[in-house]
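Grab a pencil and get ready to read a protein model piece by piece. Try each task yourself before you peek at the solution.

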Amino acid sequence: MSARPHIVLRDADREDAHALVTLWAECAGASKDEGSEAFTQQALWREPGVAEAAAALELNLGHHDKRIIVALVDGEIVGATVCTVGTLTPINLTRVLIITEIQVSPRFRRKSVASTLLSAAASYGEEHNCEIVVAAVPVHSREPHRYLTKIGFNQIAVLRAIQASKLRSRLTMKATNSRDTGKLIAVRRTLRRRTDARGHSRT
């Protein structure tokens, strides 16, 4: 059994763009053989360039309620997680820590990287008086699901995704079909009334 590596944690910054693109791409590539659900997830993944990643990091790090924590081994970023402080619903003040990413390089899995990141995330949540921790994990990622279940996370919701252009197209189509159906029903009712009126006039 290999010794666990020395893991160093720190906050991400704009200069980590290249390393984080490499990490995300490595994790995405490792999930390609995990079935049809993984294929669906892959359809939503688009590898960004370093400039785009740097701009996205700057945008995300500009939110006061968000923190991106990276894990390093021998100076290499081998894991990352994204923490956001919010409320349970928009109409109460129960604070929630939302973990939207738990990325660990396949080369460093089962080496306590994820648990070290989650421990740091939990501390961040405690600092902001969060009563609940919610973790969003891709549906096909079996190992993270097993791990989170093992340490006490329960399933409370299902996340579904669709490309914005496809959603708009389908909603427009649904509305158009609904209007056409309504017009057809109105025409049929008019024809029926006319038929009934003719029948009464003959009698």
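Here are three short exercises on this predicted model, each with a worked solution.

**Exercise 1: the overall layout**

Work out how many helices and strands the protein chain has, and in what pattern they come.

*Solution.* Start by counting: the protein chain has six helices and five strands. Next, walk along the sequence and note each element, and you get β-α-α-α-β-β-β-α-β-α-α.

**Exercise 2: one residue up close**

Find where T84 sits, decide whether T84 is buried or exposed, and list what T84 touches.

*Solution.* First, locate the residue: T84 belongs to strand β3, which covers residues 76–87. Then check the relative accessible area, which is 16% for T84. Buried means under 20%, so T84 counts as buried. Finally, look for partners, skipping residues up to four places away in sequence: T84 touches D65, K66, V96, L97 and I98.

Now zoom out a bit. Of the 203 residues in the protein chain, 26% are buried. And if you take contacts between residues at least 6 apart in sequence, 65% of them join residues at least 24 apart.

**Exercise 3: the outside**

Say how much area the protein chain exposes, and which residues gather in a patch of positive charge on the surface.

*Solution.* Begin with the total: about 14200 Å² is exposed, with carbon and sulfur atoms supplying 54% of it. Then hunt for the charge: R188, R189, R192 and R193 form a patch of positive charge on the surface. To place one of them, note that R188 is in helix α6, residues 164–202.

Notes. Residues are numbered from 1 along each chain as its sequence is written. This is a predicted model: local features need pLDDT of at least 70, side-chain atom pairs count only at pLDDT 80 or more; totals for chains, interfaces and linings use all residues. Side-chain values use heavy atoms; hydrogens and water are left out. Helices (H or I, at least four residues) and strands (E, at least two) are DSSP runs, numbered from the N terminus. Buried means under 20% relative accessible area, exposed over 50%, partly exposed in between (1.4 Å probe, protein chains only). Contact means heavy atoms within 4.5 Å. Patches are made of residues with over 30% relative accessible area and no salt bridge: like charges are joined within 9 Å, nonpolar side chains (Val, Leu, Ile, Met, Phe, Trp, Tyr) within 5 Å. Accessible areas come from the Shrake-Rupley method with a 1.4 Å probe; for residues, only the protein chains shown count as cover. A salt bridge is a side-chain nitrogen of Lys or Arg within 4 Å of a carboxyl oxygen of Asp or Glu. Lys and Arg count as positive and Asp and Glu as negative; His and the chain ends are not counted. The place of a charge is taken as NZ of Lys, CZ of Arg, CG of Asp or CD of Glu.
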